[in-house]
Amino acid sequence: MLLTLTVASTEVEDFVAELQLEGHSTFAELHRLMHRAFGWQPSQPTMFYICDHRWRPERVVPEVSEEHDTMSEVELGDLLEDEGQRMQYMFNPEERRGLLIEVSGVSFGKHLDEPRVRRQHGTPPPYSISEEEEEEPQATMSNADLLAQLNAQALGLDDNEEDYDPEDTDDFDSNELDMEGYEVSEY
C-alpha cells in the first residue's frame, strides 16, 4: 500500500507538501522525511496525533514514551488506511507548533524504494521561533485554539467576520443542532 500525505501549516498560508510512503513505513520514517525535506534540526521529542474528521486527537504516537507505542514501533498502515484520515504532527511541542496532515491518496500495487517528497510549494515554517520574533505578536496558537479554529472551519463557521454578534440569535435553528457526540449525564 502506498500512502500519499498532504501536509499544511496554520502558520504559513502558502506552504503545502505532498509526501509518499509505503504503508509499512514507520511514523519515525515519516518524521525523518519531514525534517530532512523541511531543513529542520530537531532538538526535542516530537509526536503525531491521529485525529477524527474535525481534527480532534484520538490517539498519540510519540517519539519517546514508556506508556505508548513509539514512532519507531508503529507502521503508518496500522493507523492510516483511508483517504481523508487526519493527523497532527507536533514538530516543536515546547512552542506548541505543528503541521496538519491528511491522507490524500491510498494506492495498492504501487511501491517506492524509499519515502519521498512528491511536491512542495512555499516555504515550511521554521522549526523554532527566534527571540526577535517572539517579541512580535505571533500567529502561533495553542493546541486548543488550533482545534477550535479547525472545528469552526470544518463546520463552515468564520469567527473572523467583523459583523459577528454573539447576542444575535436570529439565525439559530435548534432543529439544525447535531447532538451526536454530546452526552447528558446526571450526577
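In the predicted model, A17 has Q120 of β7 as its bridge partner. This bridge belongs to the pairing of β2 with β7, in which 5 bridges join the two strands in an antiparallel arrangement. β2 is also paired with β1, again in the antiparallel sense, this time over 7 bridges. Here L2 finds its bridge partner in E22 of β2. β2 is mostly covered, with 6 of its 7 residues buried.

Stepping back from β2, the pairings can be placed in an open sheet of 7 strands, ordered β4-β3-β5-β6-β1-β2-β7 and paired antiparallel. β4 and β7 stand at the edges with a single partner strand each, so one side of each has no neighbour in the sheet. On average, neighbouring strands of this sheet are turned by 25° against each other, direction ignored.

Moving along the sheet from β1, the next strand to consider is β6. These two strands run antiparallel and are joined by 7 bridges, with G105 in β6 serving as the bridge partner of T4. Of the 11 residues of β6, 8 are buried, so this strand is largely enclosed by the rest of the structure. β6 pairs with β5 as well, in the antiparallel sense and over 5 bridges; one example is Q88, whose bridge partner in β6 is L100. β5 and β6 form a hairpin with 4 residues between them, and R96 in the turn has a positive phi of about 55°. β5 is in turn joined to β3 by 5 bridges, the two strands running antiparallel, and I50 stands opposite M87 in β5. Against this sheet packs α1, which touches β1, β2, β3, β4, β5, β6 and β7 and whose direction makes about 145° with that of β2.

It helps to set these pieces within the whole chain. The protein has 4 helices and 7 strands, and from the N terminus on its elements run β-β-α-β-β-α-β-β-β-α-α. Of its 187 residues, 37% are buried. The accessible surface comes to about 12300 Å², and 43% of that belongs to carbon and sulfur atoms. Among contacts between residues at least 6 apart in sequence, 64% join residues at least 24 apart.

What lies in the interior? The largest nonpolar core has 31 residues, and those with the most contacts inside it are F27, M34 and F48. Two or more residues each come from β1 (2-8), β2 (16-22), α1 (27-38), β3 (47-51), α2 (76-79), β5 and β6 (97-107). The helix α1 gives the most, with 6 residues. M34 offers a good view of this packing: leaving aside residues up to four places away in sequence, M34 touches V7, L19, F48, Y89, L99 and I101.

Aromatic residues add a further layer to the picture. The count of aromatic pairs comes to 7. F38 and W40 form one of these: their ring centres are 5.2 Å apart and their planes lie at 70°, over the 60 degrees needed, so the pair is edge-to-face. Both F38 and W40 are buried. F91 and Y127 form another aromatic pair, which is tilted, with 6.0 Å from centre to centre and 45° between the planes. This pair links distant parts of the chain, as F91 lies in strand β5 (residues 86-92) and Y127 in the loop between β7 (116-121) and α3 (131-135), 36 residues apart. F91 is buried, with a relative accessible area of 0%. Y127 counts as buried too, at 9% relative accessibility. Together, F15, F38, W40, F91 and Y127 form one aromatic cluster.

A last stop is T70, found in the loop between β4 (57-62) and α2. Is this loop residue buried or exposed? T70 has a relative accessible area of 8%, which is under the 20% limit, so T70 is buried. Not counting residues up to four places away in sequence, T70 touches V61, P62, E63, V64 and S65.

Key. Residues numbered from 1 in each chain as written. Predicted model: local features only at pLDDT ≥ 70, side-chain atom pairs only at ≥ 80, totals over all residues. Heavy atoms only, no water. Phe/Tyr/Trp six-rings, centres within 6.5 Å; stacked < 30°, edge-to-face > 60°. Buried < 20%, exposed > 50% of the residue type's maximum accessible area, 1.4 Å probe, protein only. Core = buried A, V, L, I, M, F, W, Y, C linked by side-chain atoms within 4.5 Å. Contact = heavy atoms within 4.5 Å. Areas by Shrake-Rupley, 256 points an atom, 1.4 Å probe, with all protein chains shown as cover. Pairing = 2+ DSSP bridges. Axes fitted to C-alpha atoms, helices over the stretch in contact; angles between N-to-C directions.
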